[in-house]
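Reader: I'd like a close look at a single part of this model, along with the residues around it. Please take your time and keep it friendly to someone who works at the bench.

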Amino acid sequence: QVQLVESGGGLVQAGGSLRLSCAASGGTFSMYAMSWFRQAPGQEREFVAAISRSGGSTYYRDSVKGRFTISRDNAKNTVYLQMNSLRPEDTAVYHCAGRAAGSYLFLIRSPADADYWGQGTQVTVSS
């Protein structure tokens, strides 16, 4: 059973930066496509960024392109989300998600595509 644990959230002023980490255990991390999702109060969980199992392919929601960067270190079983130029509308609980992928190109783009979830880390951006 794969376990995912996020860290790195916090309170930051608009324009600031945070780096989220998601540590995986219990599986062969290099076999898993990974993504970040977020959920604000009263809102549905939404896709933020995805990375393929090798790290060679990434994908972002339009509103974070150019500000957020997803990356992974398969030797450390960890996926990251570097968030720059944060805005109040980025405030949410951020969850990492994973799924074993046979294809090196597979990306998790919707919650239904993921098999494993972390508990989430709160990101609050003040104006």
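Author: Happy to help; what follows starts with the whole chain and then settles on one strand and its surroundings.

A word on the ground rules: this is a predicted model, in which local features need pLDDT of at least 70 and side-chain atom pairs count only at pLDDT 80 or more, while totals for chains, interfaces and linings use all residues. Residues are numbered from 1 along each chain as its sequence is written, and side-chain values use heavy atoms, with hydrogens and water left out.

The protein chain has 11 strands and 0 helices. Both kinds of element are DSSP runs numbered from the N terminus, with helices being H or I runs of at least four residues and strands E runs of at least two. The radius of gyration of the protein chain is 13 Å, which agrees with the value near 14 Å that a compact globule of 127 residues would have. That radius is taken over C-alpha atoms, and the globule rule is 2.2 Å times the number of residues to the power 0.38. Along its principal axes, the C-alpha trace spans about 40 × 25 × 25 Å. Of the 127 residues, 43% are buried; buried means under 20% relative accessible area, exposed means over 50%, and partly exposed lies in between, with a 1.4 Å probe and protein chains only.

Now to the strand itself. β4 covers residues 32-39, and 7 of its 8 residues are buried. On one partner, β9 (residues 92-100), 8 bridges join the two strands, which run antiparallel. Two strands count as paired if DSSP finds at least two bridges between them. The other partner to look at is β5 (residues 46-51), which also runs antiparallel to β4 and is joined to it by 5 bridges. M34 is a handy place to see both pairings: its bridge partner in β9 is G98, and in β5 it stands opposite I51. Between β4 and β5 lie 6 residues, and the two strands form a hairpin. In that turn, G42 has a positive phi of about 75°.

R38, also in β4, is worth a pause. This arginine counts as buried because its relative accessibility is 6%. Its side chain makes a polar contact of 2.6 Å with the side chain of E46, and another of 3.0 Å with the side chain of D90. A polar contact here is a pair of N or O atoms within 3.5 Å; within protein, one must be able to donate a hydrogen and the other to accept it, and residues adjacent in sequence count only if both atoms are side-chain atoms.

From D90, move on to T91, which sits in the loop between β8 (78-83) and β9. T91 is partly exposed, since its relative accessible area is 23%. A polar atom of the T91 side chain lies 2.9 Å from the backbone oxygen of P88, and this side chain also reaches the backbone nitrogen of V125 at 2.9 Å. Leaving out residues up to four places away in sequence, T91 touches A40, Q122, V123, T124 and V125, where a contact means heavy atoms within 4.5 Å.

The loop between β8 and β9 also holds S85. S85 has a positive phi of about 50° although it is not a glycine. For context, most residues other than glycine have a negative phi. With a relative accessible area of 41%, S85 is partly exposed.

Finally, follow β9 to the disulfide. A search of the whole structure finds 1 disulfide, taking as such a pair of cysteine sulfur atoms within 2.5 Å. C22 and C96 are the two cysteines, with an S to S distance of 2.0 Å. This pair links distant parts of the chain, with C22 in β3 (residues 18-25) and C96 in β9, 74 residues apart. The torsion about their S-S bond is about 50°, so the disulfide is right-handed. Both ends are covered: C22 is buried because its relative accessibility is 0%, and C96 is buried with a relative accessible area of 0%.

To put the picture together, β4 pairs with β9 and with β5, R38 of β4 contacts E46 and D90, and β9 carries C96 of the disulfide.
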